[in-house]
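Visitor: Please take me closely through one part of this model, the pocket and the residues around it, and go on from there into the neighbouring core. I would like the cut-offs stated as you go.

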Amino acid sequence: DTDSLFIAGKSRGIPTIGSGDGGNELGMGKVLPAIEANIPMGREIGCHFAADMAIACGICNWSCWALGAALLALNGHAPSSVLSERNELERLKRALRAGAVDGVRGLDSVSVDGLDWSPI
């Protein structure tokens, strides 16, 4: 229940960030009027929980990688120490073993939002 983590963080003054590619992701209530106006079925699927900051993107995994890389760099760590093709593929496979499915395909495939995994 990630909603409770955001609520607890906000109650403690911890800044929250939402990253979304479709409007239903946690925190995207920050831009709910835009979701309702521009996303098919936005009124039905739009998240109502507003993060302090929202990152709109094509695939939210990618914006989370970018945010993680920036936070690592700002704290003196090399982003490549955590963010690598091998690590990302392993995270994707662990998610599949835990029951995750591709959000577009609805299948347990090595893909994200309809795009097959492909190393750089």
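Guide: Helices (H or I, at least four residues) and strands (E, at least two) are DSSP runs, numbered from the N terminus. With that convention, Ser111 belongs to strand S3, which spans residues 111-112. This is a predicted model, in which local features need pLDDT of at least 70 and side-chain atom pairs count only at pLDDT 80 or more, while totals for chains, interfaces and linings use all residues. Residues are numbered from 1 along each chain as its sequence is written, and side-chain values use heavy atoms, with hydrogens and water left out.

Ser111 has a relative accessibility of 4% and therefore counts as buried (under 20% relative accessible area, with exposed over 50% and partly exposed in between, for a 1.4 Å probe and protein chains only). Its side chain makes polar contacts (N or O pairs within 3.5 Å, within protein one able to donate a hydrogen and the other to accept it, residues adjacent in sequence counting only if both atoms are side-chain atoms) with the side chain of Asp102 at 2.6 Å and with that of Ser109 at 2.5 Å. Leaving aside neighbours within four places in sequence, Ser111 is in contact (heavy atoms within 4.5 Å) with Leu92, Asp102, Arg105, Asp116 and Trp117.

S3 also leads to the largest pocket (on a 1 Å grid over the protein atoms alone, an open set of points with protein on both sides within 12 Å along at least five of seven lines, lined by residues with an atom within 4 Å of a point). This pocket holds about 630 Å³ of space, and 28 residues line it, with Asp21, Glu25, Cys60, Asn61 and Asp113 lying nearest its centre. Two or more lining residues come from each of S1, helix H4 (60-74), helix H5 (85-97) and S3, and H4 gives the most, with six residues.

Asp21, one of the residues nearest the pocket centre, sits in the loop between S1 and helix H2 (32-38) and is partly exposed because its relative accessibility is 26%. A polar atom of the Asp21 side chain lies 3.0 Å from the backbone nitrogen of Cys60. Beyond four places in sequence, Asp21 is in contact with Cys57, Gly58, Ile59, Cys60 and Asp113.

Cys60 is approached from S1 as well, since Ser19, in that strand (residues 17-20), has a side chain that reaches the backbone oxygen of Cys60 at 3.5 Å. The side chains of Ser19 and Ser63 are joined by a polar contact of 2.3 Å. With a relative accessible area of 12%, Ser19 is buried, and residues that it touches include Glu25, Leu26, Met28 and Cys64.

Leu26 carries the path onward, for it touches Ser19 as well as Phe6, Cys47 and Phe49, among others. The largest nonpolar core (buried Ala, Val, Leu, Ile, Met, Phe, Trp, Tyr and Cys residues joined through side-chain atoms within 4.5 Å) consists of five residues, Phe6, Leu26, Cys47, Phe49 and Ala51. Within this core, Phe6 counts as buried at 16% relative accessibility.

A search of the whole structure finds one aromatic pair. Its members are Phe6 and Phe49, whose ring centres are 5.5 Å apart and whose planes stand at 75 degrees, so the pair is edge-to-face (Phe, Tyr and six-membered Trp rings pair with centres within 6.5 Å; planes under 30 degrees apart are stacked, over 60 edge-to-face, the rest tilted). Because Phe6 lies in helix H1 (residues 2-11) and Phe49 in the loop between helix H3 (42-45) and strand S2 (53-56), the pair ties together parts that are 43 residues apart in sequence.

Methods:
On a 1 Å grid over the protein atoms alone, a cavity is a set of points where a 1.4 Å probe fits but cannot get out, and a pocket is an open set with protein on both sides within 12 Å along at least five of seven lines; lining residues have an atom within 4 Å of a point. Grid points are joined across faces, edges and corners, and a volume is the space filled by probe spheres set on the points.
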